[in-house]
Amino acid sequence: MSIFLPLLAGGAGLVAGTGAIAAAYSRRIGRQVDRNIPPDGGFHAIRGHRIHVRDIGQGPAIVMTHGLAGQMRNFAAVVEQLRASHRIVLIDRPGSGHSPGRGDDSLTDQAGIVAGLIDALGLDRPLIVGHSLGGAVSMALALNHADKIAGLALIAPLTQVQEEVPAAFRGLVIEKPAVRTIVANTLAIPMMRLNSARSRVTLFAPEPVHPAFDIDYGGAMLARPRAFYASSSELVAVNDALAPLVARYGEIALPVRILFGEGDQVLAASIHGTRTAGEIRGAQCTILPGAGHMLPVTAPARVAAFIAEARAAA
């Protein structure tokens with residue numbers, strides 16, 4: 001149950017009045033976020049979707065996919081360390097960042113969109129980098145579009161079905177679309193702004209929250225009604241979408257490397273890293289002591305080296 005639902009249980013008049021105020025506030029914050037974080041790239045029409053894409057640099061190709069409630073700026077510091085020697089393509093997944101969508105594209109559908117973008121840009125078997133839920137999309141690519149990619153470099157990836165929702169994302173758990181719509185457009189953004197400090201502590205722990213996360217790394221982009229709705233939709237559906245992929249991990253024949261923070265409080269390194277590496281022939285998993293979930297933000301040099309090594313070996 002979402003933490004927002006008890007707030008809907010009051011009298012009809014109170015709820016209507018509060019909802020109108022919250023809706024106006026949410027729209028204002030959403031517009032402010034869009035002004036503060038404008039698109040960094042261009043847009044491509046891929047399989048019926050308008051996808052925000054940033055394509056920079058020259059050299060061996062790398063495609064980066066962000067996680068749940070994330071955006072391409074999550075990789076900003078990593079990109080700066082790789083762009084001189086690699087062609088980097090960053091994607092806002094459907095419903096995230098500046099890519100429209102309602103979060104109802106399955107992992108397999110999203111992998112198809114990435115595969116379509118690879119064709120549209122004429123990329124020659126890029127390395128796929130996936131952070132968090134982007135790791136699950138990367139797995140779908142390896143299983144369904146292996147001929148288009150060179151391998152996977154996964155950073156704190158979601159790779160196994162996880163029944164317990166991480167504390168940082170529990171406010172997104174709203175099962176019914178109608179309720180999700182109401183909450184996304186009224187209470188979600190005010191409550192998020194009240195509780196974001198606590199959620200981000202968990203997201204970054206045991207490392208400190210990066211002070212520039214909101215703008216420089218796109219962290220504020222979830223504070224928009226449409227982004228909240230899409231992220232909630234993804235979270236509710238992800239286990240059912242992931243389960244059939246997990247059953248096929250033994251089929252993966254591409255190089256797979258995984259990097260995890262030992263202290264990750266969102267996804268357990270032993271489950272989503274070590275266990276998964278053991279299910280894929282030749283896969284490698286590296287655990288960083290003292291690190292958490294947001295490695296692209298907190299350890300960009302280490303992540304960039306990990307990606308460059310994976311690209312060279314693929």
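Gly219 sits in the loop that joins H7 to helix H8 (225–246), where helices (H or I, at least four residues) and strands (E, at least two) are DSSP runs numbered from the N terminus. The model is a predicted one, in which local features need pLDDT of at least 70, side-chain atom pairs count only at pLDDT 80 or more, and totals for chains, interfaces and linings use all residues. Residues are numbered from 1 along each chain as its sequence is written, and side-chain values use heavy atoms, with hydrogens and water left out.

Back to that loop. Gly219 is buried at 11% relative accessibility; buried here stands for under 20% relative accessible area, exposed for over 50%, and partly exposed for what falls in between (1.4 Å probe, protein chains only). Its C-alpha lies 10.0 Å from that of Val33, although 186 residues separate Gly219 and Val33 in sequence.

The loop between H7 and H8 also holds Arg224, which pairs with Asp34 of helix H1 across 190 residues, a link between distant parts of the chain. The contact is a salt bridge with an N to O distance of 3.1 Å, the term being used for a side-chain nitrogen of Lys or Arg within 4 Å of a carboxyl oxygen of Asp or Glu. Side chains of opposite charge can pair when their charged atoms come close. The two partners sit in different accessibility classes: Arg224 is buried at 1%, while Asp34 is partly exposed at 23%. Nor is this just a pair, as Arg226 joins Asp34 and Arg224 in a network of salt bridges.

Overall, the structure holds 10 salt bridges. One of them brings Asp55 and Arg87 together, with 2.7 Å between the closest N and O atoms. Asp55 belongs to strand S2 (residues 49–56) and Arg87 to strand S4 (residues 87–91), so this bridge ties together parts that are 32 residues apart in sequence. Both ends are partly exposed, Asp55 at 35% and Arg87 at 22%. Another bridge joins Glu80 to Arg83, the closest N and O atoms being 3.2 Å apart. Here too the side chains are partly exposed, with 48% for Glu80 and 33% for Arg83.

Some charges gather without such partners. Arg27, Arg28, Arg31, Arg35 and Arg193 make up a patch of positive charge on the surface. Patches are built from residues with over 30% relative accessible area and no salt bridge, like charges being joined within 9 Å and nonpolar side chains (Val, Leu, Ile, Met, Phe, Trp, Tyr) within 5 Å. Lys and Arg count as positive and Asp and Glu as negative, with His and the chain ends not counted; each charge is placed at NZ of Lys, CZ of Arg, CG of Asp or CD of Glu. The accessible areas themselves come from the Shrake-Rupley method with a 1.4 Å probe, and for residues only the protein chains shown count as cover. Helix H1 (residues 12–36) is the top contributor to the positive patch, giving four residues. Arg31 is found in this helix and is partly exposed, at 48% relative accessible area.

As for aromatic contacts, a search of the whole structure turns up one pair. Phe204 and Phe213 meet edge-to-face, 5.1 Å centre to centre and with 85° between the planes. Rings of Phe, Tyr and Trp (its six-membered ring) pair if their centres lie within 6.5 Å, and planes under 30 degrees apart count as stacked, over 60 as edge-to-face and the rest as tilted. Both rings belong to buried residues, Phe204 at 0% and Phe213 at 6%.

The backbone has a few oddities. Most residues other than glycine have a negative phi, and most peptide bonds are trans. The bond from Ala205 to Pro206, however, is cis, with omega near 5°; Pro206 is in the loop between helix H6 (188–204) and helix H7 (213–216). Ala69 has a positive phi, near 60°, and lies in the loop between strand S3 (61–65) and helix H2 (76–82), buried at 17%. Ser132 likewise takes a positive phi, about 55°. Ser132 is placed in the loop between strand S5 (127–131) and helix H4 (133–144) and is buried at 8%.

Lastly, Ile182 in helix H5 (residues 177–185) is partly exposed at 46%. Between the C-alpha atoms of Ile182 and Val161 there are 28 Å, over a stretch of 21 residues along the chain.
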